[in-house]
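Ready for some practice in reading a protein structure? Work through each exercise on your own before you look at the solution.

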Amino acid sequence: MPQITSGVIMQLTLLLSALPAQYLISKWTSGTEIQRHIATQRIIDTWDSIRKSYLNTTAWVDWLNTWIPKLPTFGEEEDEYPTLEEALAIELMMHDNEHGYFAVSKEVRRPRPTYVLHRVGQVVIETQNKMVGVIVGWDAELRAPPEWYKRKKYTDSELERAKDTPHYRIMFSGPDSSSILIGYIPQYNVKLFQGFQPDIPILERYFSHFDGEKFVMEKWLQEIYPDD
């Protein structure tokens, strides 16, 4: 296992910082004043979320230990592996992106398809890793970039199944009390988990309170998911 030194963490932190900076610069150079203001606020919110999620030692070490063994070594075919830059780019898109990937689209989800079984605000358990989280968004079918498929290492049949399956954007607690993890999980790996209120940072941005069964959406989120 490679040693994770303070120098490595610093280099990766700077790399991650460069990604939102590039995004923000591109937003500043086009669009109306209102659009630039919205883009600026979105990137500030995104950076704040990433800072709480990944810019603490525990979360970084846990996350890096997951990814470093998958990076290419000398003599291997690099296109079979995600590069670190690709991995960081995907993590950034999990927080916000302009393509609507990972259930961040502001499109109103109406009518609500009957085959979308779970609702925003419900507490669920991810069946593979037994992690309990809260749904903060969903897509009626898979909406993710090609890099995501590469990272997940889907077979052709698995990818076809995933493409036609509703996917949920789910918030989980991270390695410590100040961090979060964001999952984009297919419906067949999600089950309702009732009678429990998880303590997850930043949920107050999405919900006003917990009513004993589910979290109640803030007005802005209710407008996107009016039938949930």
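The exercises below go from the overall fold to single residues of this predicted model.

**Exercise 1. The overall fold**

Task: Find how many helices and strands the protein has, and in what pattern they follow along the sequence.

Solution:
- Step 1. Count the elements: there are 7 helices and 7 strands.
- Step 2. Walk along the sequence, and you get α-α-α-α-β-β-α-α-β-β-β-β-β-α.
- Step 3. Turn to burial: 43% of the 228 residues count as buried.
- Step 4. Look at the surface: about 12700 Å² is exposed, and carbon and sulfur atoms supply 53% of that area.
- Step 5. Consider contacts between residues at least 6 apart in sequence: 64% of these join residues at least 24 apart.

**Exercise 2. Rings that pair**

Task: Decide whether the pair Tyr101 and Phe102 is stacked or edge-to-face.

Solution:
- Step 1. Check the distance: the ring centres are 6.3 Å apart, and rings pair if their centres lie within 6.5 Å.
- Step 2. Check the angle: the planes meet at 65°, and planes over 60 degrees apart count as edge-to-face.
- Step 3. Conclude: the pair is edge-to-face because of that 65° angle. This is one of 10 aromatic pairs in the whole structure.
- Step 4. Try the reasoning again on Trp148 and Tyr184, which have 6.4 Å between centres and 75° between planes, again an edge-to-face pair.
- Step 5. Locate these two rings: Trp148 belongs to helix α5 (residues 146-152) and Tyr184 to strand β4 (residues 180-186), so this pair links parts of the chain 36 residues apart. Both Trp148 and Tyr184 are buried.
- Step 6. Look for a group of rings: Tyr206, Phe207, Phe210, Phe215 and Trp220 are linked by ring pairs into a cluster.

**Exercise 3. Into the core**

Task: Find how many residues the largest nonpolar core has, and which have the most contacts inside it.

Solution:
- Step 1. The largest nonpolar core has 38 residues.
- Step 2. Those with the most contacts inside this core are Phe102, Val120, Trp148, Ile170, Met171, Tyr184 and Phe207.
- Step 3. Take Phe102 from that list: its relative accessible area is 0%, so Phe102 is buried.
- Step 4. Take Met171 next: leaving out residues up to four places away in sequence, Met171 touches several residues, including Val134, Ile182, Ile202 and Tyr206.
- Step 5. Follow Ile202, which sits in the loop between β5 (190-192) and β6 (207-210). At 4% relative accessibility, Ile202 is under the 20% limit and therefore counts as buried.
- Step 6. Note the backbone of Ile202: its phi is near 70°, a positive value in a residue other than glycine.

**Exercise 4. An arginine in a loop**

Task: Is Arg112 buried or exposed? Describe its surroundings too.

Solution:
- Step 1. Place the residue: Arg112 is in the loop between α4 (84-95) and β1 (123-126).
- Step 2. Compare its accessibility with the cut-off: Arg112 has 15%, and buried means under 20%, so Arg112 counts as buried.
- Step 3. Find a partner: the Arg112 side chain reaches the backbone oxygen of His118 at 2.6 Å.
- Step 4. List contacts beyond four places in sequence; among them are Leu117, Trp138, Asp227 and Asp228.
- Step 5. Revisit Trp138: Arg109 lies over the face of this ring, at 6.0 Å from the ring centre.
- Step 6. Check the peptide bonds: the one from Arg110 to Pro111 is cis, with omega near 0°. Pro111 also lies in the loop between α4 and β1.

Key. Residues numbered from 1 in each chain as written. Predicted model: local features only at pLDDT ≥ 70, side-chain atom pairs only at ≥ 80, totals over all residues. Heavy atoms only, no water. Phe/Tyr/Trp six-rings, centres within 6.5 Å; stacked < 30°, edge-to-face > 60°. Buried < 20%, exposed > 50% of the residue type's maximum accessible area, 1.4 Å probe, protein only. Lys NZ or Arg CZ within 6 Å of the ring centre and 35° of its normal. Core = buried A, V, L, I, M, F, W, Y, C linked by side-chain atoms within 4.5 Å. Contact = heavy atoms within 4.5 Å. Helix = DSSP H or I, 4+ residues; strand = E, 2+ residues; numbered from the N terminus. Areas by Shrake-Rupley, 256 points an atom, 1.4 Å probe, with all protein chains shown as cover.
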